[in-house]
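Work through these exercises with the structure open. Try each task before you read its solution.

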Amino acid sequence: MFPELQLWLRVLLAVAVAFILAFGSTPIVKAFAQKVGAMDNPGEARRIHTHPIPRMGGMAIFLGFLVSVILFAEISKPVQGILIGSVIIVAAGILDDIISLRWWLKLIAQLVAAIIAVAHGVTIEGIMNPNVFAAENTLLIGYLSIPVTVLWIVGVTNAVNLIDGLDGLACGVSAISSVTMLIVALMVAEPNVALLLAALAGGCLGFIPYNLNPAKIFMGDTGALLLGYVLATVSILGLFKFYAIMTFLVPVLALALPLFDTIFAIVRRVAHGQSPMAPDRGHLHHRLIDHGLSQKQAVAVLYSLSAMMGLTAVVICTTGKLRLLLLGIDAAIAVAVGIFVYETIEHPASDHMADTQKLPDLHLVEMPEKPDENIKEKAE
């Protein structure tokens, strides 16, 4: 059998095994979450669903991911570090979903997990040279590699957690990011990285049927922190280590949506004299709903934007007619999303407006008469 065909078969099997395990174990995780009290209750800060919904669904994603990686990927030293760090992240997430940990305790767990990954060889050795006219594309950062790597891992981990505000949003965006980097990993001949991303994508796809609106279970910090951590570490393992402009841009573009939302949230809060850690309702998904989109529409728009950025990442790694085709698809998505958002905001249908539940703005809190049961607003 040809090596390329063998790799594609292993990638597909990794996706399938992770999907089956995540999909099959989610009802069990749901029952366990209810038993241990890992519930997202109405009446808590910034939650407006009307009945308790189990969280901690990330355990199912982790099970699918872990088993698939063990079965199909090479457990090298860097992969060992990623898996050990993932266990720490999941343990912290489980505790937080049950008893709500202080933010600094979760940060300590993230720092420990990041340092473990770094100690096992997951490091960013260089950054893209901002001088585009220079002969060298990369600036080696030497001893700064450790703090830069830790900052990237912790930043992306929290960025994914911050967009986990609507049913299916963070899980779906993570799946799109995983598939984007999976395709590029295959293009740059990184089979082991491709298998890790295939396992993560399969876990996300297996869980998301339960998480789409109206959600039957939330993945909680167990899932959101796990997805951010794995995406951050695997992107370093497979893409940042190449000294080429395209490979520096790929993870940034693949994770553009959560990264932009997080950076904008920090700038917005500081500009208003607030702590960067202070929760607010200014996230992108909040703004879409406040402007008349339903929860499902807002998630669809953000999926489309994430896919568009993912396609852009793939485009920069291709040449010839394929690049032109992908650019055309990218442009079509951008136009379609723009028209849809404009029409929805400027000319909302009466039946749509009757069903749409707007979130409170930052200054005037008004609870709707009949809130959507499953809009989950987490206190980030």
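## Exercise 1: a helix pair

In this predicted model, the axes of helix H6 (residues 169–187) and helix H7 (residues 191–211) come within 8 Å and cross at roughly 155°. Task: classify how H6 and H7 run relative to each other, and give the handedness of the crossing.

Solution.
- Step 1. Start with the two descriptors: packed helices are described by the angle between their axes and the distance between the axes.
- Step 2. Take the angle between H6 and H7, roughly 155°. The cut-off for roughly antiparallel is over 145 degrees.
- Step 3. H6 and H7 are therefore roughly antiparallel to each other.
- Step 4. Look at how H6 passes H7: the crossing is left-handed.

## Exercise 2: a salt bridge between a strand and a loop

Task: find the partner of Asp-40 in a salt bridge, and state which parts of the chain the pair ties together.

Solution.
- Step 1. Recall the principle: side chains of opposite charge can pair when their charged atoms come close.
- Step 2. The partner is Arg-55, and the closest N and O atoms are 3.5 Å apart. A salt bridge needs such atoms within 4 Å.
- Step 3. Place both residues. Asp-40 lies in strand S1 (residues 39–40), while Arg-55 sits in the loop between strand S2 (53–54) and helix H2 (58–72), so the pair ties together parts that are 15 residues apart in sequence.
- Step 4. Check the burial, for which the cut-off is under 20% relative accessible area. Asp-40 has 2% and counts as buried. Arg-55 has 9% and also counts as buried.

## Exercise 3: a salt-bridge network

The structure holds three salt bridges. Task: work out which residues are joined into one network by salt bridges that share partners.

Solution.
- Step 1. Begin with Lys-106 and Asp-96, whose side chains meet in a salt bridge at 3.5 Å, N to O. Lys-106 lies in helix H4 and Asp-96 in helix H3 (residues 77–99), so this pair ties together parts that are 10 residues apart in sequence.
- Step 2. Go on to Asp-221 and Lys-106, which meet in a salt bridge at 3.0 Å, N to O. Asp-221 belongs to helix H8 (residues 220–240) and Lys-106 to helix H4, so this pair ties together parts that are 115 residues apart in sequence.
- Step 3. Join the pairs. Asp-96, Lys-106 and Asp-221 form one network.
- Step 4. Check the burial. Lys-106 is buried at 17% relative accessible area, and Asp-96 is buried at 9%. Asp-221 is buried too.

## Exercise 4: a nonpolar patch

Task: list the residues that make the nonpolar surface patch of about 470 Å², then classify the accessibility of Trp-103.

Solution.
- Step 1. The patch is made by Trp-103, Trp-104, Leu-105, Ile-108 and Val-112.
- Step 2. Trp-103 is found in helix H4 (residues 103–119).
- Step 3. Trp-103 has 48% relative accessibility. Exposed requires over 50%, so Trp-103 counts as partly exposed.

## Exercise 5: far in sequence

Task: compare the sequence separation with the C-alpha distance for Ala-313 and Val-252, then for Leu-13 and Ala-198.

Solution.
- Step 1. Ala-313 lies in helix H12 (residues 295–315) and is buried at 0% relative accessibility.
- Step 2. Ala-313 and Val-252 are 61 residues apart in sequence, with their C-alpha atoms 8.5 Å apart.
- Step 3. Leu-13 is found in helix H1 (residues 3–36) and is partly exposed at 38%.
- Step 4. Leu-13 and Ala-198 are 185 residues apart in sequence, with a C-alpha to C-alpha distance of 8.7 Å.

How values were computed: Residues are numbered from 1 along each chain as its sequence is written. This is a predicted model: local features need pLDDT of at least 70, side-chain atom pairs count only at pLDDT 80 or more; totals for chains, interfaces and linings use all residues. Side-chain values use heavy atoms; hydrogens and water are left out. Patches are made of residues with over 30% relative accessible area and no salt bridge: like charges are joined within 9 Å, nonpolar side chains (Val, Leu, Ile, Met, Phe, Trp, Tyr) within 5 Å. Accessible areas come from the Shrake-Rupley method with a 1.4 Å probe; for residues, only the protein chains shown count as cover. Helices (H or I, at least four residues) and strands (E, at least two) are DSSP runs, numbered from the N terminus. Buried means under 20% relative accessible area, exposed over 50%, partly exposed in between (1.4 Å probe, protein chains only). Axes are lines fitted to C-alpha atoms, for helices over the stretch in contact, and angles run from 0 to 180 degrees between N-to-C directions. Angles under 35 degrees count as roughly parallel, over 145 as roughly antiparallel, 65 to 115 as roughly perpendicular and the rest as oblique. A crossing is left-handed if the near helix is turned anticlockwise from the far one by less than a right angle, and right-handed if clockwise.
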